[in-house]
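Got your viewer ready? Here is a short walk through the model, one selection at a time.

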Amino acid sequence: MKNKFLGRPQTTLASLSMRFGAMLAPLLVFGVFSASPATAHMKGMYDTKAEAEKRAAELKCKGAFQMGDMWMPCASERALHDAIQRQ
């Protein structure tokens, strides 16, 4: 439907929601099928090295590494991300 004052198509709620859905769909699909680094960090931050090593055993990786004041399971960040994706 054309806007009678401007001579161009009117934006309807339906057309806006279709456009928004088309933009949002790839982000949702990508988010569902990939483990983001932020997710890995939320699951892998511990106050002590011992806690991180215990979680490393559960993830079937070895060791722990320090990230700031916190500890993370596995020998490296890459190994942690790989272990979480295998779950």
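A nonpolar core here is a set of buried Ala, Val, Leu, Ile, Met, Phe, Trp, Tyr and Cys residues joined through side-chain atoms within 4.5 Å; buried means under 20% relative accessible area and exposed over 50%, with partly exposed in between (1.4 Å probe, protein chains only).

Some ground rules. This is a predicted model, in which local features need pLDDT of at least 70 and side-chain atom pairs count only at pLDDT 80 or more, while totals for chains, interfaces and linings use all residues. Residues are numbered from 1 along each chain as its sequence is written, and side-chain values use heavy atoms, leaving out hydrogens and water.

**Color by confidence.** pLDDT is the predictor's confidence in each residue, from 0 to 100. The protein averages 74, and 51% of the residues score at least 70. Helices (H or I, at least four residues) and strands (E, at least two) are DSSP runs, numbered from the N terminus. Among the elements, helix H1 (residues 13-33) has the lowest mean pLDDT, 51, and helix H3 (residues 49-59) the highest, 95. Over residues 27-35 the pLDDT is below 50, and this stretch has 1 contact (heavy atoms within 4.5 Å) beyond near neighbours in sequence. Where pLDDT is low, the predicted coordinates should not be read in detail.

**Show the cartoon.** You should find 4 helices and 2 strands, running α-α-α-β-β-α from the N terminus on.

**Select H3.** Which residues of H3 are buried? Ala52, Arg55, Ala56 and Leu59. They sit on the same side of H3, because they cover an arc of only 110° around the axis, taken from the directions from the helix axis to the C-beta atoms. Swing round to the face turned away from that buried side and you meet exposed Ala50, Lys54 and Ala57. Just after H3 comes Lys60, with a positive phi near 65°.

**Move to the hairpin.** Strands E1 (residues 64-67) and E2 (residues 70-73) pair in the antiparallel sense over 4 bridges; pairing takes at least two bridges found by DSSP. Click Ala64 and look across to Pro73, its bridge partner in E2. With 2 residues between the strands, the hairpin has Gly68 at a positive phi near 65°.

**Now the core.** Select Ala56, Leu59, Cys61, Phe65, Met72, Cys74, Leu80, Ala83 and Ile84: these 9 residues form the largest nonpolar core. H3 and helix H4 (77-86) are the elements that give two or more residues to this core, and H4 gives the most, with 3.

**Last stop: Cys74.** Leaving aside residues up to four places away in sequence, Cys74 touches several residues, including Ala56, Leu59, Phe65, Leu80 and Ala83.
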